[in-house]
Amino acid sequence: MKKIVLFISALLILGSTAGQDIKTVSSGLAKAKEEAPPDTAKHHWKFGGFGSLTLNQAAYSNWAAGGTNSVGATGMLNLKLRYSKNKHSWSNLLDAAYGFQLLGPTERSKYNKTDDKIEFTTAYSYELHRNKKWYLTVLVNFRSQFTNGYNYPNDSVPISKFMAPGYVVAGIGITYRPANFFTLYLSPSSGRFTFVLDDTLSKQGAFGVEKGKKVRGEFGPYLRADLNKDLAKTINISSSLELFTNYLKDFGNIDVNWNVLLTLKVNKWLATIINCQVIYDDNVLIQTNPPEPATGPRTQFKETLGVGMSYKFH
């Protein structure tokens, strides 16, 4: 009997000791897990943006006041992808849009392009100050269009094409980022290249490129300011301003490209979108009275407004 009691007592003591060891090990693992630095790998990449599709249509039948049947659509895509780790960051922005309208009866409707742009910006930045506001940045910006452009109602002779013009700006400078919604980039020495890769337009000397040549190179200071902020829960403003002047010729004549996009959300899927763009390029001559020859540079303005489907990416 004593042996049985001793054996049971030994088992209880061993079980209690083992239980204490397991509890100690479990507590230690929990504490180590709490004290370990969090896995932030998934937070290095940030993706966002929005896409929209607006439709418009009008139909007339025996309408005494007159009118023209029409159907049209405009699609917009604005995507942002940013990688950030330690002192390094890499930002990418894609801004694209295309719109069209068909005017007149179906059997002889006229196709008109209402919007057309593609712009891509990529920038690598290295943190210069621990406040995470100042960065040394290498930036490249590309801008062109998808399809031919015409001076309507003449839709037989294109006045622009993909890469005619095409613009590339590349340089190294300083980025100031005081808040997540605002970025200011300034480069004292950037290269700006205008491409006209179409033979016909090149021979005409379109978009400031010398007649017969397909590339125009410029060198000078370049400034870019980007703003993307929610003014209210359902209102967002996105703005991009670019300024450039050429050291080599007519220094002080500033080329401007300013784009503003205002989005007013109705709900998750519906929104009113207002887009305005102002361009001034000292090298681009504008025809004010076609078919008379172009007389000089002019301020270019474009505005689009639409109500349609919209989705915000997170």
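1. Let's start with how much of the protein is tucked away. Of its 314 residues, 32% count as buried. Please keep in mind that this is a predicted model. The protein exposes about 19,600 Å², and carbon and sulfur atoms supply 63% of that area. As for contacts between residues at least 6 apart in sequence, 53% of them join residues at least 24 apart.

2. Next, the overall fold. The protein has 2 helices and 14 strands. A closed barrel of 12 strands can be followed in the order β1-β2-β3-β4-β5-β8-β9-β10-β11-β12-β13-β14, and the pairing is antiparallel. On average, neighbouring strands of this sheet are turned by 20° against each other, direction ignored. For a newcomer, a word of background may help: strands of a sheet pair through backbone hydrogen bonds, either parallel or antiparallel.

3. Where does β1 meet β14? The two strands run antiparallel and are joined by 6 bridges, with β14 covering residues 300-313. You can find one position in this region by looking for Thr54, which stands opposite Gly308 in β14. On β14 there is also a pairing with strand β13 (residues 270-280), antiparallel and made over 10 bridges. Here Leu270 has Met309 in β14 as its bridge partner.

4. Another pairing to look at is that of β5 with β8. These strands pair in the antiparallel sense over 10 bridges. As a landmark, take Leu139, whose bridge partner in β8 is Gly171.

5. Is Tyr135, in strand β5, buried or exposed? Tyr135 has a relative accessibility of 7%, so it counts as buried, the limit being under 20%. Leaving aside residues up to four places away in sequence, Tyr135 touches Arg82, Ser89, Ser125, Tyr126, Glu127, Leu128, Gly173, Ile174, Thr175 and Arg177. The C-alpha atoms of Tyr135 and Tyr176 are separated by 6.6 Å, although the two residues are 41 apart along the chain.

6. Ile174, one of the residues touched by Tyr135, has its place in strand β8. Its relative accessible area is 32%, which means that Ile174 is partly exposed, between the 20% and 50% limits.

7. Ile174 also belongs to a nonpolar patch on the surface. The full membership is Trp45, Phe47, Leu81, Trp90, Tyr124, Tyr126, Leu128, Trp134, Leu136, Val138, Ile172 and Ile174, and together they have about 1,100 Å² of accessible area. Two or more residues of the patch come from each of β1 (45-58), β4 (110-127), β5 (134-144) and β8 (166-179). Which element gives the largest share? That is β5, with 3 residues.

8. Now to the charged pairs. The count comes to 15 salt bridges. One of them joins the side chains of Lys113 and Asp116, with an N to O distance of 2.9 Å. Lys113 counts as buried, because its relative accessibility of 17% is under 20%. Asp116 is buried too, with a relative accessible area of 13%.

9. A second pair to inspect is Lys132 with Glu127, whose side chains meet in a salt bridge at 3.1 Å, N to O. Lys132 is partly exposed, with a relative accessible area of 47%, whereas Glu127 counts as buried at 8% relative accessibility. You have already met Glu127 above, among the residues that Tyr135 touches.

10. Finally, have a look at Arg192 and Glu218. They form a salt bridge in which the closest N and O atoms are 3.0 Å apart. This pair links distant parts of the chain: Arg192 is in strand β9 (residues 182-195) and Glu218 in strand β10 (residues 215-232), 26 residues apart. Both Arg192 and Glu218 are buried. Which residues make up the network that salt bridges with shared partners join together? The network consists of Arg192, Arg216, Glu218, Asp255 and Asp281.

Conventions. Residues are numbered from 1 along each chain as its sequence is written. This is a predicted model: local features need pLDDT of at least 70, side-chain atom pairs count only at pLDDT 80 or more; totals for chains, interfaces and linings use all residues. Side-chain values use heavy atoms; hydrogens and water are left out. Patches are made of residues with over 30% relative accessible area and no salt bridge: like charges are joined within 9 Å, nonpolar side chains (Val, Leu, Ile, Met, Phe, Trp, Tyr) within 5 Å. Accessible areas come from the Shrake-Rupley method with a 1.4 Å probe; for residues, only the protein chains shown count as cover. A salt bridge is a side-chain nitrogen of Lys or Arg within 4 Å of a carboxyl oxygen of Asp or Glu. Helices (H or I, at least four residues) and strands (E, at least two) are DSSP runs, numbered from the N terminus. Buried means under 20% relative accessible area, exposed over 50%, partly exposed in between (1.4 Å probe, protein chains only). Contact means heavy atoms within 4.5 Å. Two strands pair if DSSP finds at least two bridges between them. Axes are lines fitted to C-alpha atoms, for helices over the stretch in contact, and angles run from 0 to 180 degrees between N-to-C directions.
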